[in-house]
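Student: I've got a model open and I'd like to learn how to read it feature by feature. Can we go through it together?

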Amino acid sequence: RLANEKLYTLNFPQLMPETIVTNHKERIKSFMTRVGGHAVIKPLDGMGGAGVMVLHVGDPNVNAIIEATTRDGRQLVMVQVFMPEVRIGDKRILLLDGEPLGAILRVPASDDVRSNLRVGGTAVRSTLDAADLRIVQTLAPKLRSDGLSFVGIDVIGGKLTEINVTSPTGIQAMTKLDGVSYSTQI
């Protein structure tokens, strides 16, 4: 209950891309303008890429997208600066007791910005770089103290975007790509 996939990341603002949580259309539009005209809007209770959309200043659908996602201002959403590095991929790092099991890079289809495997992203073998290890080391003590033993974190361009506790997917793809039975470790 304490670890909503989107909101739990707010415990680590120094690791995240610029982000707001709001249900106010004008705040969202102002944020978009302030961060360069492009942002990503996400429902707080979504998973697997459901409801994740890119907002562009000047797009005639912006108001409708915001209204639909916030349910006309009745539902909070997360809005993050758009990170063009998502085209390279969204790294899913699986952690067990705060230690990395491994990682996959989820590469979006050419006609989508969402990289989730469920919506057509492709899993590619990956390793952890220095930025990933810094994120893991920062998260580990809080994850342990909150009793979150198996999580999947999402990293784009060296920035933490989500901490998945109810659906830390990726273990099957990691197992297939690495030839390691990660589930036996869990």
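Student: Which residue takes a positive phi just after helix 2?

Tutor: First, some ground rules: this is a predicted model, where local features need pLDDT of at least 70, side-chain atom pairs count only at pLDDT 80 or more, and totals for chains, interfaces and linings use all residues. Residues are numbered from 1 along each chain as its sequence is written, and side-chain values use heavy atoms, with hydrogens and water left out. Now, the general idea: most residues other than glycine have a negative phi. Here, Arg-71 just after helix 2 goes the other way, with a positive phi of about 50°. Helices (H or I, at least four residues) and strands (E, at least two) are DSSP runs, numbered from the N terminus.

Student: Where does Arg-71 sit, and what is the phi of Asp-72?

Tutor: Arg-71 is in the loop between helix 2 and strand 4, and Asp-72 lies in that loop too. Asp-72 isn't a glycine either, yet its phi is positive, about 55°.

Student: Is Asp-72 buried or exposed?

Tutor: Use relative accessible area: buried means under 20%, exposed over 50%, partly exposed in between (1.4 Å probe, protein chains only). Asp-72 is exposed at 56%, while Arg-71, at 48%, is partly exposed.

Student: And which residues of helix 2 are buried?

Tutor: Helix 2 covers residues 62-70, and its buried residues are Val-62, Ile-65, Ile-66, Thr-69 and Thr-70. Look down the helix axis and they fall within an arc of 110°, so they line one face of the helix. That arc is taken from the directions from the helix axis to the C-beta atoms.

Student: What covers those buried residues?

Tutor: Think in contacts, meaning heavy atoms within 4.5 Å. The cover includes helix 1 (25-34), strand 2 (38-43), strand 3 (53-56) and strand 4 (77-81).

Student: How do I read the sheet, and in what order do its four strands come?

Tutor: Strands of a sheet pair through backbone hydrogen bonds, either parallel or antiparallel. The working rule is that two strands pair if DSSP finds at least two bridges between them. In this open sheet the order is 1-4-2-3, with antiparallel pairing. Strand 1 (19-22) and strand 3 stand at the edges with a single partner strand each, so one side of each has no neighbour in the sheet. On average, neighbouring strands are turned by 30° against each other, direction ignored.

Student: How many bridges join strand 2 to strand 4?

Tutor: Five, and the two strands run antiparallel. To find one spot in that pairing, look for Lys-42, which stands opposite Met-78 in strand 4.

Student: Which strands do the helices touch or lie across?

Tutor: Helix 1 packs on the sheet and touches strand 1, strand 2, strand 3 and strand 4, with its direction at about 170° to that of strand 1. Helix 2 lies across strand 2, strand 3 and strand 4, at about 140° to strand 3. For such angles, axes are lines fitted to C-alpha atoms, for helices over the stretch in contact, and the values run from 0 to 180 degrees between N-to-C directions.

Student: How do strand 5 and strand 6 pair?

Tutor: Strand 5 (residues 90-96) and strand 6 (residues 99-107) are antiparallel over seven bridges. They form a hairpin with two residues between them, and Asp-97 in the turn has a positive phi of about 50°. On its other pairing, strand 6 meets strand 7 (residues 122-126), antiparallel over five bridges. You can trace a path across: Lys-91 has Leu-105 in strand 6 as its bridge partner, and Leu-105 has Val-124 in strand 7.

Student: How many aromatic pairs are there?

Tutor: Rings of Phe, Tyr and Trp (its six-membered ring) pair if their centres lie within 6.5 Å; planes under 30 degrees apart count as stacked, over 60 as edge-to-face and the rest as tilted. A search of the whole structure finds one pair. The rings of Tyr-8 and Phe-12 have centres 6.2 Å apart and planes at 65°, so the pair is edge-to-face. Tyr-8 is buried at 3% relative accessibility, and Phe-12 is buried at 5%.

Student: Zooming out, how many helices and strands does the chain have?

Tutor: Five helices and nine strands. Of its 186 residues, 46% count as buried.
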